[in-house]
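This report walks through selected strands, a helix and several side chains. Please keep the sequence and the structure in view while reading.

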Amino acid sequence: MSYIKGLNKMKIYASLYFLSFHLCTINAQIKFRDTSSLEIFYEFNFVPDSSLPEIKNGDVLVLEIGKISSSCFSLYNKKRQEAFLQDLSMQSAHSEKIVINPDIIKLPTGLQQIFCKIPDQKHTIVFDNVYGFQCYYIDTLNSFQWKIMSDTITILGYVCQKATANFRGRNWIAWFTTALPYDNGPLKFGGLPGLILKLEDIKNNFNFIATTIQKPKETPIIIIDKKGYSKFKRNEIRDMHKKADEDPIGFATTINPNFHVNENPHFTNRQKKRYNPIELE
Amino acid sequence: MNFFLSILFFLIIQSCYSQKAISGKITDSLGKPITSASVTISKINSPIIIAFSITDNAGSYEIKWQDDADSVTLAVSALNYVRMGKNIPAVSSNYNFTLTIHPTVLKEVRAKTQPVWQRKDTINYNVSEFKQPQDRVIGDIIARLPGIEVTPGGQIKYNGKPINKYYIEGLDLLEDKYGIANNNIPAESVDKVQILENHQPIRVLDSVSFSDRAALNIKLKNSAKMKLIGRARLGICVSPLLSEDELTGMLFKKKIQFINTYKYNNTGIDNTRELNSQNFSEYINAIQNGAIKNDLVSLAQPRPPSIAQKRYLFNNSHVASVNQLMPLNSTYQLRINAAFVNDFQRQQSSVVTKFYLPTDTFSINEKNKWHSNLNLLQTDLSLMANSPKFYLKNIFKFQGWWSVEKSRLITGSEINQQLSNPFFNVSNDFKLIKIKSKYIEEWASYFGYVSLPQRLDVMPGLYTDIVNNNLPYDALIQNASLKTFYTDNYLSLRKRKSKISTQYKLGFNIQSQHLFTDLMTEKSGIEQSVADTFRNKLNWQRYRIYNENSWVYENNEWRVSFTLPLNYTKIDYKDTSLKVKSGKEAFFISPVVIIMFQLNPKWNINISASYNRDFGDISGITSGYMLKTYRNLSNNDAPLAETRSGNISASLTFRNPLKIVFFNTGIMLSRSKSNLLYSQKFIGNLETLTALVQNNYTNRATISGRFSKYIIDWKTSIGFNYSYSFGNQQQLQQNELVTFSNKNYTAGATLGVKFSSKITIDYSGTYFTYLSKSQLQQSATTIQSASQNFSLNYFPTERLIFRVSAGHYYINNNFAPSHNYYFADINMRYKPKKSKIDYELTCQNLFNTKFFATAFLSNNIESVSEYQIRPRQALFKMSFSF
């Protein structure tokens, strides 16, 4: 009987591992709520592999602008910042394995990061998820040396003016409109006297163009919550990505030994993730 | 020289384009600074900006520019303020502005179609974008969607959390048994898979209770909505003659939805798994009330071997399920879920069991031919109302098992056994949720009736000295019947909004049971009770009033949760044949504390402690002997058991994603006290267990840990794990108090190597030692086992998948020679281009291993069980959708 009991305890112990997996992701619970007053949708096209510039992937980015903050994220990869531990349900406490699906890694899933700008603190907080490992870093807000050009184009009926800047190894062209007095734009970009409606790098590896500008009907709430994310430096997270992209499944199952790759044979294909970071430096 | 040239150049530039700077402050009419306002310089009468500045927190700005114009336009704009501009001379100066409030009216613009996204967080996945050639059913695609994982048990998780609903066209047809849909809806019929994030399935709670779970909704193609769709699968094997077939028909209309399936196989696949509920809390509730099948008598079957079930399951199984949903009106829905299983299983095994007793050691050899015939019917009839005002759900359930097991056992002589172990359960579960101004009110009422009329026949008549005054007879019969009525009712109040979340629950639970057991002998068709000491006629009433309160506190580094369940329990029981009445009552507190502490991003600590006290159940007060298996006779002529147990555990985790290293180690201590001690005696082969009043303790400690590291240069992940546990337990053997100390060690290693994107290999190995020793023994009894598994995956093209796997198992114990067992399987799948059919070839047990043994050691009992294994089988499968 004691053997059986021992087994049960092992089971409980296994669920303890599971618990500790969640715990590791708990971090500072800096949380504030803001009401989004404007939403901009950008069509985002990018070259996932710089050696094959003709292959492009698409994504849709959402930029939500609130009174004291803004948040930019990919539609498909939008991550909730609600804590795992909020309700550790019966199901999760009793499952001994966490199974990740390697095909998620293979897919052209777009942008993993969430960019939160907080002008009062001169911060852009970048939330990232490196194959299951949740982390964030703090970057200086709008550290761009924009050069204003006289060229103009019209996007969504707004006259936009050109500005250029070099940002961490890539040369960018931004088109902003003073008619929308928000010093904001996709990802970390901003700091111009109007909203950026179009953004591209000169090699055209990355291309953002606004497709929709709307006022949310139900005054939604942006929740920025660092709980569940560990703080790192920018270059540390870059390094993590570089290593993890070589063998995502190997990385994820090493960092979280409770992760098990599905036993279905066509799930076990361990592909290298193509690597073409937005910031080269 | 260069230096002077540049100075000169600089001076020339300066004279042409002298740098100008304008600074100032932007405030509102109350004098408060306006931040993030943009201040721009442009040429007069031109919209083209030359230079700009954004105001800081103090509302200050500074613009520097170089230009030859005499005057420029300085403009200030900020959100929700009137834009201001004026022409100024192009010289360095200071300009302050005071802006007046005016809501900025923005025009909404949409360039293309609305992106696939709505405010209520619905993510639409177009199935066509994610579909791969090999996909057959929707489950194949769902498993691949970003953010979704599917566990081996079939549970779907979104962002690491189980989904709370699986809808088809917005209707909840299958509740938590969604595996039926997931494994059967053809991938071609589905248009979209929607993820409803933060979905609150109970509409009443929509505005008050935030849900962090998602629901999944299947949107079908229009062509699939009106007609019957389905899937069929055919699998054959010629030698031995095997078959694996499936047929599923589905209809999804607005007025009615159904999924009906039929599956057959005799290849070792357990199709009843998809009928299993994915809801664990419901299962725990059933355990507590005695509403799960827990047989009173059984055939002495060895425990299942430690390999995959498909290797040793000799089955012949038919599973049919009917799932139908009808919306009655906009609020009410009626649903029927029914399943019928007919399964014929057989197994041959041979078991050697050794008992180490204070005076001697003896062993029992059993060769067992066993088969069972199971008929199972389960039906759920549900009425649901899900409106913004209230939530109501009433489920009426019926579960019936008609099962007969037979065994032909050779242990010295031949013993034939027949077991009839049916089980019936009727229950009703009612839940109503309403919202009040400050709290959420939940009323629940649950009641049910369970019947277990069971019977074990053992032939020929054994133990004539004990049961029949040394006279021969034909068969020994144990009748056992347990009837249970139970009800659980509670009111729970949850605070609507609070930083420290609290929940209060008040309820009562009544369990009323009647147990009747009678040991009988049969001679020439006449059945006769053995004696009153082999009979139980018990009535049991348990009343429980409970109150559960829980609090959770969280801050930056800490999370502390505290649960304090209180209950008052009163038990009355009566032995109607002995006319003895007895009872017990007590007030129990069972607190649980969980503390989690994050030292830094890499290190964290987890501590938990719990204490629990409870009474035993009706099986602990059977004063008459009961034949539980053909060689186990036990009684509990003792007062009601009372157990207390305490648990403490702590663990430490280190995780460094930069070095790709993980490490975890933890300890767990437990101690429990029971007022009853079991005395084990042997009369020949017959084991008798008798409960005696004597306080005794069971202690256990477990230390375990895990380490894993990824080596980037070799594209290899390595992992190690270990566990060591030890403990002791007391037992009375042949009237001697014996303390057993048990120890076990486990060590394991894993390796994963990626050779290329087309070839990967995985290896895992585990070594296990178990030691048991009593104070009477000179040396400990030891068993060892080891297992190794290896698999290789090869993907020559997208349409072809090739997998080889092999396993090695080793066991060693004291009384049989050590053994090695080898298994190997091959699996191939192919789907031709533009074909509705896909093909699969599996070969199982290539080495044609015939037997497999598992060793087992617990206190003074050691056993080795050998099982028959399914022979080599090659199966060719075809599946298609219609």
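## A three-stranded sheet in chain B

In this predicted model, strand 11 of chain B and strand 12 (residues 156-158) of chain B run antiparallel and are joined by 3 bridges. Within this pairing, Glu149(B) stands opposite Lys157(B) of strand 12.

Both strands belong to an open sheet of 3 strands in chain B, whose order is 11-12-13 and whose pairing is antiparallel. Its edges are formed by strand 11 (148-150) and strand 13 (161-162) of chain B, each of which pairs on one side only.

## A four-stranded sheet in chain B

Another open sheet of chain B has 4 strands in the order 3-2-5-6, again with antiparallel pairing. Here the edge positions are taken by strand 3 (49-54) and strand 6 (84-89) of chain B, each pairing on one side only. Neighbouring strands of this sheet are turned against each other by 20° on average, when direction is ignored.

Between strand 5 (residues 71-77) of chain B and strand 6 of chain B, which run antiparallel, there are 6 bridges. Ala75(B) is the residue that stands opposite Gly85(B) of strand 6 in chain B.

## Strands 33, 34 and 37 of chain B

Further along chain B, strand 33 (residues 592-598) and strand 34 (residues 603-615) run antiparallel and are held together by 7 bridges, and the hairpin that joins these two strands passes through 4 residues. On strand 34 of chain B, Ser610(B) is the bridge partner of Val592(B).

Strand 34 of chain B also pairs with strand 37 (residues 642-656) of chain B, in the antiparallel sense and over 13 bridges. In this pairing, Ile607(B) has Ala650(B) of strand 37 as its bridge partner.

## The surroundings of Glu642(B)

Is Glu642(B), a residue of strand 37 of chain B, buried or exposed? Its relative accessibility is 15%, and because this lies under the 20% cut-off, Glu642(B) counts as buried. The side chain of Glu642(B) makes a polar contact of 2.8 Å with the side chain of Arg613(B).

Leaving aside residues up to four places away in sequence, Glu642(B) touches Lys584(B), Phe588(B), Arg613(B), Asp614(B), Phe615(B), Lys673(B), Ser674(B) and Asn675(B).

## Helix 4 of chain A

In chain A, helix 4 (residues 234-246) contains 13 residues and reaches 19 Å from its first C-alpha to its last, which is close to the 18 Å expected at 1.5 Å a residue.

Its buried residues are Ile237(A), Met240(A), His241(A), Lys243(A), Ala244(A) and Asp245(A). These buried residues of helix 4 pack against strand 6 (123-130), strand 7 (133-140) and helix 5 (248-255) of chain A. As background to such a pattern, an α-helix has 3.6 residues a turn, so residues three or four places apart point the same way.

## Cysteines without disulfides

How many disulfides are there over all chains? The count comes to 0. For Cys72(A), the closest cysteine sulfur is that of Cys116(A), and because the two sulfurs are 9.2 Å apart, they are too far from each other for a bond, the cut-off being 2.5 Å. Cys160(A) is likewise in no disulfide, since the nearest cysteine sulfur, which is that of Cys72(A), is 17 Å away.

Cys72(A) is buried, with a relative accessible area of 1%, and Cys160(A) also counts as buried, at 0% relative accessibility.

Note on methods. Residues are numbered from 1 along each chain as its sequence is written. Chains are lettered from A and ligands numbered from 1 in the order in which they are written. This is a predicted model: local features need pLDDT of at least 70, side-chain atom pairs count only at pLDDT 80 or more; totals for chains, interfaces and linings use all residues. Side-chain values use heavy atoms; hydrogens and water are left out. Two strands pair if DSSP finds at least two bridges between them. Axes are lines fitted to C-alpha atoms, for helices over the stretch in contact, and angles run from 0 to 180 degrees between N-to-C directions. The expected span of a helix is 1.5 Å times one less than its number of residues. Buried means under 20% relative accessible area, exposed over 50%, partly exposed in between (1.4 Å probe, protein chains only). Contact means heavy atoms within 4.5 Å. A polar contact is a pair of N or O atoms within 3.5 Å; within protein, one must be able to donate a hydrogen and the other to accept it, and residues adjacent in sequence count only if both atoms are side-chain atoms.
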